[in-house]
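Here is a quick tour of a protein chain, written for someone new to reading structures. Keep the 3D view open and follow along.

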Amino acid sequence: MMNSNAASSSTANPDAAGSPDPPAPRRSSKRPKYSKFTQQELPACKPILTPKWVILTFLVVGIAFVPIGITSLLASRDVVEIVDRYETDCIPVANRTDKVAFIQSNASKTCTRQITVTKHMKRPVYVYYQLDNFYQNHRRYVKSRNDEQLKKRSKTSETSQCEPEDTTPDGKPIVPCGLIAWSLFNDTYTFSRNKRQLTVNKNGIAWKSDRDHKFGKEVFPSNFQNGTLIGGAHLDESIPLSKQEDLIVWMRTAALPTFRKLYGKIEVDLEENDIIDVILENNYNTYSFSGKKKLVLSTTSWLGGKNDFLGIAYLTVGGLCFFLALSFTIVYLVKPRRLGDPSYLSWNRNPGGH
């Protein structure tokens, strides 16, 4: 009987006898491979800022920043700068009620100005034009150019992204195309002192990297400013773009609505009380957008042009550090920390407050 039951049990489940259990499926782990870096166990410096260290740090920063600020401010104050705003004065009184109509007319735009040199200006004296309320950083304006066309002769017919100044009405490509080139600044300045003309050197006013790598030596202007609406200056079609430095300077767009661009350099010293006669052609239309135009004569220092911000910033931070160092010193002397008392450390405090 027993043998019969065993036999029938064996017959009913032949795999149950003598067969091991199938292995359980292996779980995939997303645990990263152990390393001190992944587990954030690398040696680390955890300084405890005691009052003495805090006071010393503020003193060191103050001692370093204040002299730098004074030096920067003195360098900026050594720069001689003369600014002459002329966009209103160069409109005849009778036409000032409608300035846009005058600037778009064929009337003479010649204007004479006199500038008095307030302090000796060492050569070179940089001549800038400054525009206010002119947004060269507008997205559509910034993109309205074709860099391949500017540097490669084989790409002169490439005018993508240059709309609306891409082609002439009869379909010919404009070189250089785009709104930036079309709106090229076209006021001109002529300087004289004691009835002797001062030569303005326009060589080297653009960045060398722009001349060599962004504007081609074999690319010449064509069909430029040939439309019904003239945006700015014309270009000499016999001179390659790499030599048109006024254009190169203008096409390095400014980030802010008030900006200066280099017009040229006067390579002689200007003495104190010299009277500089300026004959300018007031051609550029800033009246449509309430813009301002200024002529700037400036020298430079080892730090660049006139800019008090850097010196003031260093002096402010240095003075603040001295003030904080003095404040912490007074607090430390009035209420010093007890030696050997570690209770100021957060991990040594009782969470219950007892």
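Before we start, one term: two strands count as paired if DSSP finds at least two bridges between them. With that in hand, look at Arg-113, which stands opposite Val-278 in E8. Keep in mind throughout that this is a predicted model.

**The chain as a whole**

The secondary structure adds up to 9 helices and 9 strands. The chain has 354 residues, and 32% of them count as buried. Its accessible surface comes to about 23,300 Å², with 55% of that belonging to carbon and sulfur atoms. What share of the contacts between residues at least 6 apart in sequence joins residues at least 24 apart? The share is 79%.

**The sheet with four strands**

Let's go back to the strands we started with. An open sheet is formed by 4 strands in the order E2-E8-E4-E5, and the pairing is antiparallel. Which strands stand at the edges? They are strand E2 (110–116) and strand E5 (196–198); each has a single partner strand, so one side of each is left without a neighbour in the sheet. On average, neighbouring strands here are turned by 30° against each other, if you ignore direction.

As a bit of background, strands of a sheet pair through backbone hydrogen bonds, and they can do this in a parallel or an antiparallel way.

Now zoom in on E2. It is joined by 7 bridges to strand E8 (residues 275–281), and the two run antiparallel. The side chains of E2 alternate: Cys-111, Arg-113 and Ile-115 point to one face and are buried. Thr-110, Thr-112, Gln-114 and Thr-116 point to the other face and are not buried.

At the other end of the order, strand E4 (residues 188–193) pairs with E5 over 3 bridges, in the antiparallel sense. To spot this pairing on screen, find Phe-191: its bridge partner in E5 is Leu-198.

**The sheet with five strands**

There is another open sheet, with 5 strands in the order E1-E9-E3-E7-E6 and antiparallel pairing. Strand E1 (81–85) and strand E6 (200–201) are at its edges; each has a single partner strand, so one side of each lacks a neighbour in the sheet.

Is strand E9 (residues 292–298) mostly covered or mostly uncovered? Mostly covered: 6 of its 7 residues are buried. E9 pairs with E1 over 5 bridges, and it also pairs with strand E3 (residues 125–132) over 7 bridges. Both pairings are antiparallel. At the E1 side, Asp-84 stands opposite Leu-295 in E9. At the E3 side, Leu-131 has Lys-293 in E9 as its bridge partner.

Further along the order, 2 bridges join E6 to strand E7 (residues 259–266), and these strands run antiparallel. There, Asn-201 stands opposite Lys-265 in E7.

**Salt bridges**

Time to look at charged side chains. How many salt bridges does a search of the whole structure find? It finds 16. Here are some of them:

| Salt bridge | N to O distance |
|---|---|
| Arg-145 and Asp-147 | 2.9 Å |
| Lys-208 and Asp-212 | 2.7 Å |
| Arg-211 and Glu-245 | 3.9 Å |

In the Arg-211 and Glu-245 pair, Arg-211 lies in helix H7 and Glu-245 in helix H8 (residues 245–251), so the pair ties together parts that are 34 residues apart in sequence. Glu-245 is buried, with a relative accessible area of 11%. Elsewhere, salt bridges that share partners join Asp-84, Asp-89 and Arg-113 into one network. You have already met Arg-113 in E2, on the buried face.

Lys-208 and Asp-212 both lie in helix H7 (residues 208–213), 4 residues apart, which is about one turn of the helix. Lys-208 is exposed, at 56% relative accessible area, and Asp-212 is partly exposed, at 36%.

For the remaining pair in the table, Asp-147 is partly exposed, with a relative accessible area of 41%, while Arg-145 counts as buried at 16%.

**A nonpolar patch**

Last stop: the surface. Leu-49, Trp-53, Leu-56 and Val-60 form a nonpolar patch there, with about 450 Å² of accessible area together. To find the patch, look for helix H2 (residues 51–77), where Val-60 lies.

Methods:
Residues are numbered from 1 along each chain as its sequence is written. This is a predicted model: local features need pLDDT of at least 70, side-chain atom pairs count only at pLDDT 80 or more; totals for chains, interfaces and linings use all residues. Side-chain values use heavy atoms; hydrogens and water are left out. Axes are lines fitted to C-alpha atoms, for helices over the stretch in contact, and angles run from 0 to 180 degrees between N-to-C directions. Patches are made of residues with over 30% relative accessible area and no salt bridge: like charges are joined within 9 Å, nonpolar side chains (Val, Leu, Ile, Met, Phe, Trp, Tyr) within 5 Å. Accessible areas come from the Shrake-Rupley method with a 1.4 Å probe; for residues, only the protein chains shown count as cover. A salt bridge is a side-chain nitrogen of Lys or Arg within 4 Å of a carboxyl oxygen of Asp or Glu. Buried means under 20% relative accessible area, exposed over 50%, partly exposed in between (1.4 Å probe, protein chains only). Contact means heavy atoms within 4.5 Å.
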